[in-house]
Amino acid sequence: METTIALQHLKKAFGKQQVLRDIDFTVHQGEIVGLIGPSGAGKSTVIKTMLGMERADGGQAFILQQPMPNRLILGRIGYMAQSDALYEDLTAKENLQFFGQMKGLRKAKLAQEISHVSQVVDLTADLNKLVKGYSGGMKRRLSLAIALLGTPELLILDEPTVGIDPALRRQIWRELATIRDQGRSVLVTTHVMSEAEATDRVALLIGGQIVAFDQPQKLEKQYDVPTIEDVFLQAEKEAVK
Ligand SMILES: Nc1ncnc2c1ncn2[C@@H]1O[C@H](COP(=O)(O)OP(=O)(O)O)[C@@H](O)[C@H]1O
Ligand SMILES: [Mg+2]
């Protein structure tokens with residue numbers, strides 16, 4: 001099984017605040033890995049550092065077997081940031097066309113993909129509206145649609161389902177499962193515990209360290225609790241001791 005993400009002893013501080021202490025982490029081909037942790041734990045920093053948007057103070061990140069940062073690798077990843085970066089004065093469709101062209105998709109393929117990803121996030125009926133008229137949830141959905149364009153072999157999604165209602169959230173998770181079953185990989189951060197249950201492996205980031213990393217069912221067994229939420233609460237309690 002190929003490793004699509006490998007983080008080795010990754011460290012990152014902002015001033016005196018040591019946000020990432022010593023992060024070891026892997027994502028394999030054909031798996032959905034969740035990264036959970038309280039707000040401010042450093043989930044987004046893990047992602048930004050591995051992508052080279054923040055400079056690591058120590059350690060090394062490999063994505064698709066290449067040492068990062070590497071601009072060519074970025075073109076092979078579907079990345080969805082926590083804050084939406086969209087062109088507000090364009091329609092959703094124009095945004096999709098723009099980002100699709102940036103990814104090098106040809107016209108016919110692009111039209112086909114726009115149609116598919118719009119369906120996944122349920123934006124088909126709103127494609128011709130200006131993004132500035134979109135709600136927060138709609139913008140999240142459009143950002144996700146953009147990340148899905150070009151069938152990237154690795155998706156890195158930072159809180160993709162914030163502001164998205166439960167039915168659509170399920171639909172999105174079904175799509176992520178399909179992507180996984182196609183042998184592609186997904187790294188997703190979330191603070192929705194029911195989503196963490198739907199991953200193949202989940203990592204708990206607390207106090208700048210990964211304190212647990214395994215299949216959700218195995219963690220529940222290990223901590224002897226019924227849900228990932230309980231694992232999380234237990235791990236948090238142990239971390240502050
Ligand atoms: N560019 C930055 N400059 C200074 N502090 C930052 C910066 N980015 C993040 N932080 C701090 O690092 C910590 C982790 O942030 P973040 O990675 O966004 O957490 P999470 O995504 O888990 O909510 C927070 O305390 C945050 O305030
Ligand atoms: Mg974050």
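**Figure 1. Q112, a residue out in the open.** At 53% relative accessibility, Q112 counts as exposed, because the bar for that label is anything over 50%. Keep in mind that what you're looking at here, and in every view below, is a predicted model. You'll find Q112 in helix 4, the stretch that covers residues 107–120. Now pick out L72 as well: Q112 and L72 sit 40 residues apart in sequence, and their C-alpha atoms are 25 Å apart in space.

**Figure 2. T199, a residue tucked away in a loop.** Look between helix 7 (193–197) and strand 9 (201–206), and you'll see the loop that holds T199. Is T199 buried or exposed? With 5% relative accessibility, T199 counts as buried, since that label goes to residues under 20%. The partner to find in this view is E159, which is 40 residues away from T199 in sequence and 14 Å away in space, going from C-alpha to C-alpha.

**Figure 3. E195 and its two side-chain partners.** E195 is part of helix 7. Its relative accessible area is 4%, so E195 is buried. Which side chains does the side chain of E195 touch through polar contacts? One is the side chain of T161, at 2.5 Å. Another is the side chain of W173, at 3.1 Å.

**Figure 4. Ligand 1 and the residues around it.** Zoom in on ligand 1 and you'll meet a ring of names to learn, among them F14, V19, P38, K43 and E54. Sorted by class, this shell has four nonpolar, six polar and two charged residues. Strand 2 (17–28) and helix 1 (43–51) each chip in at least two residues. Helix 1 gives the most to the shell, with three residues.

**Figure 5. Oxygen atoms of ligand 1 up close.** Where do oxygen atoms of ligand 1 come close to polar atoms of Q17, A41 and G42? For Q17, it's a side-chain N or O atom, 2.9 Å from an oxygen of ligand 1. For A41, the atom is a backbone N or O, and the distance to an oxygen of the ligand is 3.2 Å. G42 also uses its backbone: a polar atom there is 2.9 Å from an oxygen atom of ligand 1. On its own, ligand 1 would expose 560 Å², and the protein buries 63% of that.

**Figure 6. The largest pocket.** Rolling a probe the size of a water molecule over the atoms shows where empty space is left. The largest pocket holds about 650 Å³ of space. It has 20 lining residues, and those closest to its centre are I77, Y79, F99, K103 and I146. Strand 6 (77–80), helix 3 (92–102) and helix 5 (136–148) each bring at least two residues to the lining. By class, the lining splits into 13 nonpolar, four polar and three charged residues.

**Figure 7. The second largest pocket.** How much volume does the second largest pocket have? About 230 Å³. Its lining counts 16 residues, and G40, G42, K43, S44 and Q82 are the ones nearest the centre. You may recognise G40, G42, K43 and S44, as they also belong to the surroundings of ligand 1. Helix 1 gives the most to this lining, with four residues. The lining has four nonpolar, seven polar and five charged residues.

Technical notes
Residues are numbered from 1 along each chain as its sequence is written. Chains are lettered from A and ligands numbered from 1 in the order in which they are written. This is a predicted model: local features need pLDDT of at least 70, side-chain atom pairs count only at pLDDT 80 or more; totals for chains, interfaces and linings use all residues. Side-chain values use heavy atoms; hydrogens and water are left out. A residue is near a molecule or strand if one of its heavy atoms lies within 4 Å of it. A polar contact is a pair of N or O atoms within 3.5 Å; within protein, one must be able to donate a hydrogen and the other to accept it, and residues adjacent in sequence count only if both atoms are side-chain atoms. Accessible areas come from the Shrake-Rupley method with a 1.4 Å probe; for residues, only the protein chains shown count as cover. Ala, Val, Leu, Ile, Met, Phe, Trp, Tyr, Cys and Pro count as nonpolar, Asp, Glu, Lys and Arg as charged, and the others, Gly among them, as polar. On a 1 Å grid over the protein atoms alone, a cavity is a set of points where a 1.4 Å probe fits but cannot get out, and a pocket is an open set with protein on both sides within 12 Å along at least five of seven lines; lining residues have an atom within 4 Å of a point. Grid points are joined across faces, edges and corners, and a volume is the space filled by probe spheres set on the points. Buried means under 20% relative accessible area, exposed over 50%, partly exposed in between (1.4 Å probe, protein chains only).
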